[in-house]
Amino acid sequence: MQKVYLLHHIRDEGNADEDNKEIGTYTSYKLAEEAKNRVKDQPGFIDYPNGFYIDEYVIDKDYWADGFND
């Protein structure tokens, strides 16, 4: 089972004003962390230091297979 790690940043200012940036996809959690460290002081990211997320995904697996079930 192969995995990848998606690094993204969410700037959430409330009021339904959210900005999600996909920074990159990496073959290890460590590489994703290193990428975070490279960009964390850049404009926009520096103002929201807690907005970084690293998600693990299994390759060739369906996600959201049932659509949007509220």
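Partly exposed, as used in these legends, sits between buried, under 20% relative accessible area, and exposed, over 50%. Everything shown comes from a predicted model.

**View A. Three strands make up an open sheet.** The order across this sheet is 2-1-3, and the pairing is antiparallel. Strand 2 and strand 3 sit at the edges with a single partner strand each, so each has one side left without a neighbour in the sheet. On average, neighbouring strands here are turned by 25° against each other, direction ignored.

**View B. Strand 1 meets strand 2.** Here we're looking at residues 18-26, which make up strand 2, running antiparallel to strand 1 with 8 bridges between the two. Two of the facing pairs are easy to pick out by name. Arg 11 has Asp 19 of strand 2 as its bridge partner, and Asp 12 stands opposite Glu 18, also in strand 2.

**View C. Strand 1 meets strand 3.** Now for the other neighbour: strand 1 (residues 3-12) and strand 3 (residues 52-58) are joined by 7 bridges, again antiparallel. Look for Val 4, which stands opposite Tyr 57 in strand 3. Hang on to Tyr 57, as it turns up again in View E.

**View D. Tyr 5 and Tyr 29 pair up edge-to-face.** The model has 4 aromatic pairs in its count. A pair of aromatic rings is described by the distance of the centres and the angle of the planes. For Tyr 5 and Tyr 29, those come out at 6.1 Å centre to centre and 90° between the planes. This pair ties together distant parts of the chain: Tyr 5 belongs to strand 1 and Tyr 29 to helix 1 (residues 29-39), 24 residues apart. What about burial? Tyr 5 has a relative accessibility of 13%, so it counts as buried, while Tyr 29, with a relative accessible area of 43%, is partly exposed.

**View E. Tyr 57 and Tyr 63 form an edge-to-face pair.** The ring centres are 5.1 Å apart, with 85° between the planes. Since planes over 60 degrees apart count as edge-to-face, that angle explains the label. Are these two rings' residues buried, exposed or partly exposed? Tyr 57 is partly exposed, with a relative accessible area of 30%. Tyr 63 is partly exposed as well, with a value of 35%. Both values fall between the 20% and 50% cut-offs, which is why neither residue is called buried or exposed. And here is the link back to View C: Tyr 57 is the strand 3 residue that stands opposite Val 4.

Methods:
Residues numbered from 1 in each chain as written. Predicted model: local features only at pLDDT ≥ 70, side-chain atom pairs only at ≥ 80, totals over all residues. Heavy atoms only, no water. Pairing = 2+ DSSP bridges. Helix = DSSP H or I, 4+ residues; strand = E, 2+ residues; numbered from the N terminus. Axes fitted to C-alpha atoms, helices over the stretch in contact; angles between N-to-C directions. Phe/Tyr/Trp six-rings, centres within 6.5 Å; stacked < 30°, edge-to-face > 60°. Buried < 20%, exposed > 50% of the residue type's maximum accessible area, 1.4 Å probe, protein only.
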